[in-house]
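I am opening a notebook page on a structure that is new to me, and I will write down what I look up as I go. The helices come after the sheets, since I want to begin with the strands.

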Amino acid sequence: MSPLESAASTEQAEALPAVAPQLRSLRRRAALTLEAAARAAGLSPAHLSRLETGQRQPSLPMLLALARVYGTTVSQLLGETAPDRDAVVRAEAMEPTHAGGWTYWPAGAPGRGMQALRVHVPHGSQGDVVRVHPGEEWLHVLRGRLRLRLGDTTDVLGPGDSAHFDSLTPHRIAAQDTEGVELLFVHTLLQSPTAALCLGPTPSRTGETS
């Protein structure tokens, strides 16, 4: 059993709609055999077959992996039709949210395959929290200096510096200086609450959502 399959037992998505027809249709549209798609997504062909026939429901890590393989979004895998949305997000519409000492301003439309945020991280806030969760993260420092630890490596990023990494890599984010740091943050984890994206207790094992 692959790591994604074993994670399914503890990370089943809640109340997912039937995705079997979409999974099969999108795989065929991508011109992939069952074996090739399963291998690329880290699944066994038998397990992917059960997903496509509705015998199993996919976990969120599986949906993220399959969306990448098929070149689509989790929303499309779920058969959701996105409502009409403005492409432009005005500054006055970016209402701040506070969680764990951090301040977030939404910088993108809700319900898409990526979440875009402007984030202020105060000095000394949540810097000891290790985060491990499915998806990818991209961040870009606007002001101040950011201390970023990825696995066993620590880097200090200044204004204009960026980082792009797999969120399953254990990571810590903290402000290097007393005035804090402001950054742009993009994450691929669909429809996750802001606090769940960045904050939470140290997970007990790799693969749990923080």
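Before I note any pairing, I fix the term: two strands pair if DSSP finds at least two bridges between them. I also remind myself that this is a predicted model.

**Entry 1: the sheet of three strands**

I looked up S5 and S6 and found that they pair in the antiparallel sense over five bridges. Within that pair, Arg-149 has Thr-154 in S6 as its bridge partner. I then checked the hairpin of S5 and S6, which has two residues between the strands, and noted that Gly-151 takes a positive phi near 65° there.

On the other pairing, strand S5 (residues 146-150) and S8 are antiparallel, again over five bridges. Here I wrote down two positions: Leu-146 stands opposite Ala-175 in S8, and Leu-150 has His-171 in S8 as its bridge partner.

Put together, these strands give an open sheet of three strands in the order S6-S5-S8, with antiparallel pairing. Strand S6 (153-157) and strand S8 (171-175) are its edge strands, each pairing on one side only. Neighbouring strands of this sheet are turned by 15° against each other on average, direction ignored.

**Entry 2: the sheet of six strands**

I next traced an open sheet of six strands, whose order is S1-S2-S3-S9-S4-S7 and whose pairing is antiparallel. I asked myself which strands form its edges. They are strand S1 (97-99) and strand S7 (162-166), each of which pairs on one side only. In this sheet, neighbouring strands are turned by 25° against each other on average, with direction ignored.

Looking at one end of the order, I found that strand S4 (residues 136-143) and S7 pair in the antiparallel sense over five bridges, and that Glu-136 stands opposite Asp-166 in S7.

I stayed with S4 for His-140, which lies in that strand. The side chains of His-140 and Ser-162 are joined by a polar contact of 2.7 Å. Leaving aside residues up to four places away in sequence, I listed what His-140 touches: Gly-160, Asp-161, Ser-162, Glu-182, Leu-183 and Leu-184.

**Entry 3: the loop before H3**

Moving to the helices, I stopped at Ala-31, which lies in the loop between helix H2 (20-29) and H3. Its phi is near 60°, a positive value in a residue other than glycine. Is Ala-31 buried or exposed? I found Ala-31 exposed, with a relative accessible area of 68%.

**Entry 4: helices H3 and H4**

In helix H3 (residues 34-41), I noted Leu-34, Ala-37, Ala-38 and Ala-41 as the buried residues. Seen down the axis of H3, these buried residues fall within an arc of 100°, so they line one face of the helix. The face of H3 turned away from that buried side carries the exposed residues Arg-39 and Ala-40. Gly-42 follows H3, and its phi is positive, near 80°.

In helix H4 (residues 45-52), the buried residues are His-47, Leu-48, Leu-51 and Glu-52. Viewed down the axis of H4, they fall within an arc of 140°, so they too line one face of their helix. Just after H4, I noted that Gly-54 takes a positive phi of about 80°.

To follow the spacing of such positions, I wrote a reminder: an α-helix has 3.6 residues a turn, so residues three or four places apart point the same way.

Key: Residues are numbered from 1 along each chain as its sequence is written. This is a predicted model: local features need pLDDT of at least 70, side-chain atom pairs count only at pLDDT 80 or more; totals for chains, interfaces and linings use all residues. Side-chain values use heavy atoms; hydrogens and water are left out. Buried means under 20% relative accessible area, exposed over 50%, partly exposed in between (1.4 Å probe, protein chains only). Helices (H or I, at least four residues) and strands (E, at least two) are DSSP runs, numbered from the N terminus. The arc is that of the directions from the helix axis to the C-beta atoms. Axes are lines fitted to C-alpha atoms, for helices over the stretch in contact, and angles run from 0 to 180 degrees between N-to-C directions. A polar contact is a pair of N or O atoms within 3.5 Å; within protein, one must be able to donate a hydrogen and the other to accept it, and residues adjacent in sequence count only if both atoms are side-chain atoms. Contact means heavy atoms within 4.5 Å.
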